[in-house]
Amino acid sequence: MKRKLSLLLAVVMILSSFSFVFADEEVNVPAFLEKNGILKGDKSGNLMLDKALERRDAVVLLSRLLKAEEEAKNYEPAEDEIYPDNNDPYYAGFLGWATANGYFEGYPNGNFKPRESILVQEFALVLLRALEYGDTEWKSVMDKAKELGILEGVKEADANAAIVREDVATMIFNALGVKMKKEGKTLAEFLGITMPEPAKLTAEVKDTENLKEVVVKLSNAKLANKDKLENTANYRIKGNTIERVEVKDNDVLVQVKDTFRSGKQYELEIKGVDKAIDGKYKFVAKDNTIPSVEKVEVLGEYGIKVVASEPIEDVRGRNFLVDGKYIVMDVETYGRNLVLTPYSGSFPSNAKTLTIEGLKDFAGYKSAKEDFEIEIVKDNEAPKVVDAILKGNKVEVVFDKDIYNDSIEAYEGRSSVGNISYESGRHTIYAKDAKKIDTNKVVYEFKDNEAPSRRDDVTIVDVTNHSKVKMEKTTIALREVLDDIEPEIVEKKLVAKDVDKGTATIELHFDKEVSGSFLTDKDDEYRFEPKDHFTLYEDEVSRRNESKDGKVASAEYRYDKRNDKYEKDVIVVKLEGLKEWKKGTPTDFEYILEIEDFRDISSSRNKMYRDYYEFEFKRGTDFVVEDVKVTLKGSRDTEIEIKFSKKLDLEKAEDGTNYIFYKNDGSKRVSKKDIKDLDGKARLQSNGRVVELDIPKGWDDIEYDYDGLKILESIKDTSGNRLDRVYYYDFASGKLLEEGQTVDQTLDEAVEAVKDALAKFKADNTTDETAVLTAVKKVVTNNEIDVAIKGFNKVNAETGKSGAITGKVELALEENGTTIIKTVDINITIPALDQTLDQAKTEVEKVVGTTGSFKADNDTTEADVLEAVKKVVTNKNIEVGIFGFKVTKATTTTPGKVEGSVSLKLDGEEEIVTIDRAIGILPLPTYKVTIEGDAAITTDYTLSETDLENINEGTTLTITAVSKIVVNGNKVLEPNETTDITINDNTTITINKAQ
């Protein structure tokens with residue numbers, strides 16, 4: 001008999017990573033399974049929970065679990081699926097079905113032993129097979145079942161004991177919570193079974209599966225406030241910054257700024273979410289898995305979303321091919337979600353395959369090459385606003401679908417007011433900044449003194465989907481999220497000091513953006529009034545022992561030169577008048593900086609608790625890094641030599657975790673991989689003062705991936721003294737830098753940076769002098785260099801004709817009392833304007849319309865017309881097609897015609913141009929006239945034989961002669977006639993087409 005395998009089970013049986021829901025004390029598991037038709041009792045309704053389960057009934061139970069009972073019952077077993085010891089025909093189909101699908105096996109003697117009780121380990125194996133862990137060895141069954149959570153809450157611990165029905169129910173209940181690998185759903189979700197949700201909120205943090213995020217597993221995320229769950233300020237990891245929090249089902253994905261160091265233990269503190277889960281959770285950072293792509297989704301002609309299994313590092317357009325070709329594209333990153341958008345134009349409309357290869361996670365593992373089928377189709381459904389959340393001076397707008405980043409705008413001027421506004425009296429207030437923070441979320445920031453209140457309605461316009469379909473203008477009431485957590489300083493560090501000058505710089509890193517008492521200048525929202533926030537003490541605070549000489553000279557937000565913005569969660573405090581600490585002298589004391597009265601920017605304006613930073617103002621130890629050199633820049637290997645001022649402790653010197661590569665992110669240096677992570681070695685040389693770093697990675701790759709090498713102060717000399725500070729070796733300049741120190745740009749370097757910025761500048765007809773100046777200033781990182789634009793001139797682009805911006809950038813730097821000025825020419829091309837649909841229609845009409853230029857004939861094809869049309873359609877985004885093409889051929893008596901229609905499509909709009917090109921009447925054929933023999937021809941004018949070689953049909957010829965004449969190869973006479981023709985004088989002969 002033919003085997004009939006279950007299609008449903010073939011789909012179900014591919015599983016991998018899991019999350020399980022185990023039997024909760026508050027859930028009546030047997031009753032739940034009975035309600036879902038899995039567990040059934042006897043005729044009286046007794047579930048017989050204390051009774052053992054027979055092997056044959058275990059098969060029936062499994063078929064009910066997998067919603068295949070009728071299929072199994074009616075299954076026709078093959079000859080090798082029939083068991084001789086089964087004497088009940090009711091079970092024959094079930095046993096054959098279980099055997100065919102590989103859930104159960106008979107014994108070597110061919111029996112099934114249907115009436116024997118199934119053992120704990122046997123039933124565990126059955127469930128593992130259903131979850132396609134069938135390759136689990138018999139000796140490992142219990143360990144694997146425990147790992148997946150299938151045995152959670154099972155009372156019988158003996159693997160060889162007969163399992164009772166109550167434990168069977170528990171194991172099935174647990175198995176329903178295992179997540180399927182390909183579907184990304186639990187078995188319960190796939191089978192359409194709604195699991196009971198725990199009524200108690202609990203949290204668990206396990207060791208990480210990647211080096212960029214830690215996952216908080218909740219028992220039931222619905223029991224917690226989602227706004228609080230996704231508030232980054234409610235999570236802390238010492239020495240790191242929480243960058244992003246996302247709730248995904250019952251998992252909270254907490255992403256950090258600095259990459260975790262593999263093998264190191266960390267502690268996550270949750271504060272202010274819910275008392276049930278607030279607390280501290282220890283975990284170890286690990287990553288042993290290769291990243292993969294879980295999903296690819298076409299968002300429209302201008303966007304494709306790729307969902308990865310974990311956060312991806314430094315993803316670029318080169319990781320993606322469309323139909324085997326590279327397309328220049330931008331890649332937006334939001335946690336595990338990547339959004340691909342073409343740099344110009346749209347994705348090809350006929351694209352079929354997206355190839356993804358080499359996505360690298362933060363442990364250095366790369367994804368395998370994989371192809372995904374895609375279909376580029378227009379999304380005609382515009383995005384809709386579903387929420388507008390007020391958070392201090394910011395409004396977070398949530399849309400019902402993914403949105404196009406290029407449509408996100410803030411106020412730039414009267415001609416470009418941005419997406420969001422609200423009415424305040426007779427004034428309309430606009431946002432000063434806008435940033436897309438997730439695939440469907442935007443944060444709009446208003447000036448502090450112009451922030452809306454919870455009573456205001458905001459109006460949002462012009463945001464589009466990835467087919468550039470605009471939303472409808474929407475006015476929505478603001479929903480305020482109250483933040484009752486006070487801001488906290490998570491890191492304090494002395495980043496610079498000059499003992500001789502008595503100055504020091506301290507950075508205060510808060511867990512959220514803060515505000516305070518600004519200087520009296522109303523336009524200054526970046527510098528604070530020091531006396532309102534700081535007091536400097538010497539040794540004792542309780543006695544109010546304020547420093548007489550030392551003081552806080554200034555305090556302001558840290559400025560990110562690279563991104564041209566202030567970081568409102570970092571305050572830079574500059575001190576002056578400090579005295580050098582000297583033991584046994586009047587200056588033998590610590591300074592204590594008291595910090596107070598900073599508030600967060602939420603509407604609650606939560607005030608920080610008073611905090612302190614203690615430090616000794618003394619010269620650093622003479623244990624320093626003297627020099628760093630890259631001694632080998634190989635294609636596969638790199639060697640870096642570090643020279644110290646003293647002999648080193650061997651263990652500390654050769655600890656690879658003390659040497660970390662970093663990447664610049666604005667004004668921050670983000671730690672990435674250490675030498676150990678890269679499988680490198682740190683070797684102390686025989687002189688005891690030089691460490692050689694051997695890295696099995698080419699120098700070009702290191703320079704590409706990282707900006708420098710960080711040397712930790714945890715390194716010790718042989719006397720136990722720590723290194724005087726953390727050092728940063730900058731690859732580009734070859735200089736050793738301190739914390740917070742940057743390499744001052746020279747005037748020549750600024751000139752080169754400006755040239756590069758101008759070469760990359762993308763201009764259009766709206767570009768003004770301010771836009772160019774802003775782009776230039778962004779790359780001139782030396783604050784001492786003055787930047788100005790002289791002779792700015794712009795010629796706007798037209799359709800099919802490019803424009804230009806010209807002028808000069810003037811860079812001025814004062815050195816030793818002399819101002820040095822250098823200039824850079826501005827020569828920016830404004831690309832020709834894209835042809836509009838109407839313009840394209842007009843040009844096509846000039847070609848194929850009634851008076852068009854296209855010359856048609858009887859051999860004209862559709863391809864000929866399409867080629868001619870495409871030559872005048874210069875906008876590559878316009879789709880050109882021809883339909884209804886028809887050619888009516890011309891004859892020698894009637895004209896012909898080429899007819900049809902040209903379709904022009906752009907951004908969902910279509911124009912039709914009628915093809916109407918005439919084909920002229922064909923010319924009469926040409927015939928050859930020859931003269932035979934020696935006949936003489938006389939006319940009233942001289943005619944040579946050559947003159948008679950080609951005469952058009954219908955030509956009238958007057959000949960006075962007697963001759964034999966052949967027309968078009970045929971004699972004028974009847975066939976076979978040989979009589980000569982006598983032509984009289986003045987006879988008129990008309991030569992016609994031979995019949």
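User: With which residue does Glu243 form a salt bridge, and how far apart are the closest N and O atoms?

Analyst: A salt bridge is recognised when a side-chain nitrogen of Lys or Arg lies within 4 Å of a carboxyl oxygen of Asp or Glu. In this predicted model, Glu243 pairs in that way with Lys257, and their closest N and O atoms are 3.7 Å apart. Glu243 belongs to strand 4, while Lys257 sits in the loop between strand 5 and strand 6, so the pair ties together parts that are 14 residues apart in sequence.

User: Is Lys257 buried or exposed?

Analyst: Because buried means under 20% relative accessible area, Lys257, with its value of 16%, counts as buried, whereas Glu243, at 37%, is partly exposed.

User: Which parts of the chain does the salt bridge between Glu488 and Lys271 tie together?

Analyst: The closest N and O atoms of Glu488 and Lys271 are 3.7 Å apart. Glu488 lies in the loop between strand 23 and strand 24, and Lys271 in the loop between strand 6 and strand 7, so this salt bridge connects parts that are 217 residues apart in sequence. Glu488 is partly exposed at 29% relative accessibility, and Lys271 is partly exposed at 26%.

User: Where in the chain are Glu313 and Lys672?

Analyst: Glu313 and Lys672 form a salt bridge with their closest N and O atoms 3.9 Å apart. This pair links distant parts of the chain, since Glu313 is in the loop between strand 9 and strand 10 and Lys672 is in strand 36, 359 residues apart. Both Glu313 and Lys672 are buried.

Note on methods. Residues numbered from 1 in each chain as written. Predicted model: local features only at pLDDT ≥ 70, side-chain atom pairs only at ≥ 80, totals over all residues. Heavy atoms only, no water. Helix = DSSP H or I, 4+ residues; strand = E, 2+ residues; numbered from the N terminus. Buried < 20%, exposed > 50% of the residue type's maximum accessible area, 1.4 Å probe, protein only.
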